[in-house]
Amino acid sequence: VEMFIQMAISAPLAMVVIFALLYYFFRNLTLIYAPMVVAMVSVIATMSLLVATGQTVHIMSSMIPIFIMPIAVLDSVHILSEFIDYYPRSRSRRLTMEHVMRELFVPMFYTSTTTAIGFASLALVPIPPVQVFGVFVAFGVLLAWLLSISFIPAYIFLVRREKIEVLAGTRLHADDDDTASIGAFLQRLRVFSLGHARKIVVASLALAVAFVYGITQIV
């Protein structure tokens with residue numbers, strides 16, 4: 001009973017957190033809708049397949065939505081971000097989308113497939129609930145990738161050109177401010193890292209030793 005209560009609370013909360021983060025970064029609901037649709041469809045399709053194949057919704061499989069949702073929005077965010085960044089140069093949705101796919105298709109393919117393979121490898125674990133969890137998360141990740149490269153471009157072409165022009169112009173000015181602030185932070189970080197190089201290495205090694213000891217205490 002508690003498991004299903006937690007699933008009913010945690011999964012929607014994860015979606016709310018993702019929505020809030022996307023709005024914080026993009027500050028535009030038009031851009032946010034598409035990744036959220038991809039995440040929702042990926043989760044619903046994966047859980048539907050889980051039930052349709054006769055698998056039990058147990059503690060492990062109930063966590064599948066929480067794993068899929070953040071992974072599902074990643075490729076969508078990459079596509080949207082690259083599209084808005086490049087659009088002011090061409091002012092053509094088709095040319096911009098062709099550029100985006102040339103730049104991102106291979107990286108997105110590799111990151112999605114390696115993530116899916118990582119989860120699918122759990123099928124080798126001799127624990128049935130873990131096997132089910134790994135296989136279906138892998139399916140959800142690949143489905144999210146497929147939806148990202150098919151649905152997101154179609155979604156962009158359905159958005160009115162005027163709105164895209166506004167988004168691109170707003171993003172351009174915002175990026176200038178962000179670049180300046182990020183550059184200043186990275187400069188301070190560079191100075192700190194160079195000035196305390198040995199201390200950082202020693203602290204990292206000490207943490208590694210502590211972590212190894214911690215791992216040995218796992219029961």
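Visitor: In this predicted model, is T96 buried or exposed, and how should its accessibility be read?

Guide: A residue is called buried when its relative accessible area is under 20%. T96 has 0% relative accessibility, and therefore it counts as buried. T96 lies in helix 4, which covers residues 93–120, and, leaving aside residues up to four places away in sequence, T96 touches F83, Y86, Y87 and S90.

Visitor: Which residues does F83 touch, beyond those up to four places away in sequence?

Guide: F83 touches R93, T96, M97, V100, I156 and I164. F83 also matters for reading the largest nonpolar core, which has 49 residues, since M69 and F83 are those with the most contacts inside that core. Helix 1, helix 2, helix 3, helix 4, helix 5 and helix 6 each supply at least two residues of this core, and helix 5 gives the most, with 13 residues.

Visitor: How does one read the length of a helix, and what span should helix 1 have at 1.5 Å a residue?

Guide: The expected span is 1.5 Å times one less than the number of residues. Helix 1 (residues 2–26) has 25 residues and should therefore span 36 Å, which agrees with the 36 Å between its end C-alpha atoms. Helix 2, with 24 residues, reaches 34 Å from its first C-alpha to its last, close to the 34 Å expected, while helix 3 (residues 64–90), with 27 residues, reaches 40 Å, close to the 39 Å expected.

Visitor: Where in helix 3 does a kink lie?

Guide: A kink of about 30° lies at I84, shortly before the proline P88. After helix 3 comes R91, with a positive phi near 60°; R27, which follows helix 1, has a positive phi near 55°, and G54, just after helix 2, takes a positive phi of about 80°.

Visitor: Which residues of helix 1 are buried?

Guide: An α-helix has 3.6 residues a turn, so residues three or four places apart point the same way. In helix 1 the buried residues are A11, A14, M15, I18, L22 and F26.

Visitor: What polar contact does the side chain of S148 make?

Guide: The side chain of S148, a residue of helix 5, makes a polar contact with the side chain of S76 at 3.3 Å. S148 is buried, because its relative accessible area is 0%, and its contacts, not counting residues up to four places away in sequence, are with V38, A72, D75, S76, I79 and P153.

Visitor: How many aromatic pairs does a search of the whole structure find?

Guide: A pair of aromatic rings is described by the distance of the centres and the angle of the planes. The search of the whole structure finds 10 aromatic pairs. In one of them, F119 and F133 have ring centres 6.2 Å apart and planes at 75°, so the pair is edge-to-face. This pair links distant parts of the chain, with F119 in helix 4 and F133 in helix 5, 14 residues apart. F119 counts as buried at 16% relative accessibility, as does F133 at 4%.

Visitor: Why is the pair of F151 and Y155 tilted?

Guide: The ring centres of F151 and Y155 are 5.9 Å apart and their planes stand at 40°, so the pair is tilted. Being four residues apart in helix 5, F151 and Y155 are separated by about one helical turn; F151 is partly exposed, with a relative accessible area of 29%, whereas Y155 is buried, with 17%.

Visitor: Which residues do ring pairs link into a cluster?

Guide: Ring pairs link F105, F109, Y110 and W145 into a cluster.

Key: Residues are numbered from 1 along each chain as its sequence is written. This is a predicted model: local features need pLDDT of at least 70, side-chain atom pairs count only at pLDDT 80 or more; totals for chains, interfaces and linings use all residues. Side-chain values use heavy atoms; hydrogens and water are left out. Buried means under 20% relative accessible area, exposed over 50%, partly exposed in between (1.4 Å probe, protein chains only). Contact means heavy atoms within 4.5 Å. The bend at a residue is the angle between axes fitted to the seven residues ending there and the seven starting there. A nonpolar core is a set of buried Ala, Val, Leu, Ile, Met, Phe, Trp, Tyr and Cys residues joined through side-chain atoms within 4.5 Å. A polar contact is a pair of N or O atoms within 3.5 Å; within protein, one must be able to donate a hydrogen and the other to accept it, and residues adjacent in sequence count only if both atoms are side-chain atoms. Rings of Phe, Tyr and Trp (its six-membered ring) pair if their centres lie within 6.5 Å; planes under 30 degrees apart count as stacked, over 60 as edge-to-face and the rest as tilted.
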